[in-house]
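Me: I would like to learn how to read strands and helices in a model. Could you take me through one?

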Amino acid sequence: FRSLRPQIGVIFGLRLFMRQHPKINCYILSAYLRDSRWAKKEKEEWLREFFPDIPKAHWLFVPCGQEKSSVLRKGETGILLDDHSPNLKEWVKSPRNYGIKLINPINGAGKNWTGARIRYDLPPEEFAKELYRFVEKVGKGEEVY
């Protein structure tokens, strides 16, 4: 995991979004392989390099197979940006949860997700703007799909 190449537009777009909207709490939520003693550690090293502005307390990890929505407290609103449709489908089953499909060369060509989408290759400014449009709609209770 440590050597995975970052999607630069996504990294810089998310970092720009966080600088422009510091009152919005951003977390990293990632699944790790239970049977690998290195997977979680390597993901943490990767995050330390590419998301130094997200505090370690905001790095959430669940073992593969555990529902990502299990990290939310009852009544919280959560927006998940994910490239894996099954994660998004599970996430939005919980009330007040919303999902955005990250379209990239690996995942996103199919029609498994019919909700909101954002492309990985947008310029960072556009990525941050699109992400905020979605968050703003959620905040206003507007239709987001």
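Reply: This is a predicted model. Start with a strand pair: Ile79 stands opposite Tyr98 in β4. The chain passes from β3 through helix α3 (residues 85–91) to β4, a β-α-β crossover that is right-handed.

Me: How many bridges join β3 to β4, and do the strands run parallel or antiparallel?

Reply: Five bridges join them, and β3 and β4 (residues 97–103) run parallel.

Me: Which side chains of β3 are buried?

Reply: Side chains alternate along β3 (residues 78–82). Gly78, Leu80 and Asp82 point to one face and are buried, while Ile79 and Leu81 point to the other and are not.

Me: What does β1 pair with?

Reply: Strand β1 (residues 28–32) runs parallel to β2, joined to it by five bridges. Ser30 stands opposite Phe61 in β2. With helix α2 (residues 39–50) added, β1 and β2 make a right-handed β-α-β unit. As for burial, four of the five residues of β2 (residues 59–63) are buried.

Me: How are two packed helices described?

Reply: By the angle between their axes and the distance between the axes. Here α1 (residues 8–20) and α4 (residues 124–140) pack at about 55 degrees, with their axes 8 Å apart. An angle of that kind falls outside the parallel, antiparallel and perpendicular ranges, so α1 and α4 are oblique to each other. Their crossing is right-handed.

Me: Which residues make the contact?

Reply: On α1 they include Phe12, Leu16 and Phe17. On α4, Phe127, Leu131 and Tyr132 are among them.

Definitions and conventions
Residues are numbered from 1 along each chain as its sequence is written. This is a predicted model: local features need pLDDT of at least 70, side-chain atom pairs count only at pLDDT 80 or more; totals for chains, interfaces and linings use all residues. Side-chain values use heavy atoms; hydrogens and water are left out. Buried means under 20% relative accessible area, exposed over 50%, partly exposed in between (1.4 Å probe, protein chains only). Helices (H or I, at least four residues) and strands (E, at least two) are DSSP runs, numbered from the N terminus. Two strands pair if DSSP finds at least two bridges between them. A crossover is right-handed if, with the strands pointing away from the viewer, the path from the first strand over the helix to the second runs clockwise. Axes are lines fitted to C-alpha atoms, for helices over the stretch in contact, and angles run from 0 to 180 degrees between N-to-C directions. Angles under 35 degrees count as roughly parallel, over 145 as roughly antiparallel, 65 to 115 as roughly perpendicular and the rest as oblique. A crossing is left-handed if the near helix is turned anticlockwise from the far one by less than a right angle, and right-handed if clockwise. Contact means heavy atoms within 4.5 Å.
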